[in-house]
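Here's a structure worth quizzing each other on. Take a look first, then we'll ask what backs up each label.

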Amino acid sequence: MPTSTWLVRPRWPDVPADSTSNGTTNGGGTSDQATTDPATTDQDRLQVHSEGGHGAVPTAGVPIHEPGGPARDWPLWEVFVRARRGLSHSHVGSLHAPDATMALRNARDVYTRRQEGVSLWVVPAGMITASSPDEKDSFFDPAADKVYRHPTFYDVPEGVDHL
Amino acid sequence: MPALATYALRLGDDALVLSHRLGEWISVAPAIEEDIALGNIGLDLIGQARALLTYAGEVEGAGRTEDDLAYLRGERDYLNVQLVEVPNGDFGATIARQLVFSTYQLELYERLQGSVDPTLAGVAGKAVKEVAYHREHAALWVLRLGDGTEESHRRMQAGLDTMWPYVAELFEGDEVDRSLSTERIAVDPARLRDPWWSSVSSVLAEATLDEPAPRWRARGGRRGIHTESLGFLLAEMQHLHRSHPGASW
């Protein structure tokens, strides 16, 4: 008898068993889901949202996870690609997959079919803590008037070739 | 037709017909990620088919191009195994076929890389990396579906049961295979059966699935004997080219 839970629950750490049972739906499937609201708890951020694939499947009012039953859709993963050796991995988009291994395979097919990369990371979207758009001013504006933080602010002394 | 042309055509037709079946999944697979995965596999197969059909045309020496061979032959002239023309069925049946066929292709191409025929060796050398990925894709899904929920297990097993009568034909060699393999040009398919089974059986065991015991077996595809499905498939694939000969875009 099959006993494993391959398709039943995502296998990343600490997903509370009841966090997927409230019927919330998310038609967008974008990384907005990872945005942190000040009131958001860790549990909320780890929540798996249902998403309607191609839009052909109704999601409104459909419970995404019957207790003990299969999840209605696969969890979301963020994909990072390293284009060449020596560069950092960059975020390229997201996708759905039942688990990490399949997420990596899907990422290979969706994001590197035209030789875009030499290395791939996939990260459960719910594991990302993001800055909030509401905090943009306090986060980023203070840097705006500090030109001395840019290397171009300084004159390079004569005779120094590689600074 | 020279034996070598027949051999290339058989392998090319396998790839071409299966690529068409995989293309039928685009927009209707369980997730858009799978549309893309199956579509990619189909495109790899089209690449193999183009090289093999082109080569078959050259060896034949009658001036037929890859397009002539793909679009202007009737079903009795198609030399693919019947396995690849069987309708897709559900996702479980498609994945069952992918496991069977990609494992077969992997064993075949690994050996064909050593062919004394440089074109066949070259096609196999390029394709072997592609089909290793196809096989990996199928095996991962067989594990997840077989060792998943009760329903996924049932449907994965049903998919295997659907495809199994068509398995034996993959390993049936005839005079073409035997004469070419004696010259170390081709690989005798009979030699692939044991390594194929050792690879497939380990996946089935891990996925808690049983080897089906079919009560009949398909044969004849290599001689142009096909199921009724192939005619419909070719009608769709060839319609545009036959309606507008020479059209390009």
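Q: What makes up the secondary structure of chain B?
A: This is a predicted model, and in it chain B has nine helices and zero strands. Read from the N terminus, that's α-α-α-α-α-α-α-α-α.

Q: Why is chain B called as compact as a globular protein of that length?
A: The globule rule gives 18 Å for 249 residues, and the radius of gyration of chain B is 17 Å, which is close, so the label fits. Along its principal axes, the C-alpha trace of chain B spans about 55 × 45 × 35 Å.

Q: How much of chain B counts as buried?
A: Buried means under 20% relative accessible area, and 59% of the 249 residues in chain B meet that. As for the accessible surface of chain B, about 10400 Å² in total, 53% belongs to carbon and sulfur atoms.

Q: How do you know that the span of helix 2 of chain A agrees with its number of residues?
A: Helix 2 of chain A (residues 100-111) has 12 residues, which at 1.5 Å a residue should span 16 Å; the end C-alpha atoms are 16 Å apart, so the two agree.

Q: What makes the buried residues of helix 2 of chain A line one face?
A: The residues in question are A:Met102, A:Ala103, A:Asn106, A:Ala107, A:Asp109 and A:Tyr111. Seen down the helix axis, they fall within an arc of 165°, so they line one face.

Q: Which elements do those buried residues of helix 2 of chain A pack against?
A: In chain A, strand 1 (76-82), strand 2 (89-96) and strand 3 (119-124); in chain B, helix 2 (32-60) and helix 5 (118-146).

How values were computed. Residues are numbered from 1 along each chain as its sequence is written. Chains are lettered from A and ligands numbered from 1 in the order in which they are written. This is a predicted model: local features need pLDDT of at least 70, side-chain atom pairs count only at pLDDT 80 or more; totals for chains, interfaces and linings use all residues. Side-chain values use heavy atoms; hydrogens and water are left out. Helices (H or I, at least four residues) and strands (E, at least two) are DSSP runs, numbered from the N terminus. The expected span of a helix is 1.5 Å times one less than its number of residues. Buried means under 20% relative accessible area, exposed over 50%, partly exposed in between (1.4 Å probe, protein chains only). The arc is that of the directions from the helix axis to the C-beta atoms. Contact means heavy atoms within 4.5 Å. The radius of gyration is taken over C-alpha atoms; the globule rule is 2.2 Å times the number of residues to the power 0.38. Accessible areas come from the Shrake-Rupley method with a 1.4 Å probe; for residues, only the protein chains shown count as cover.
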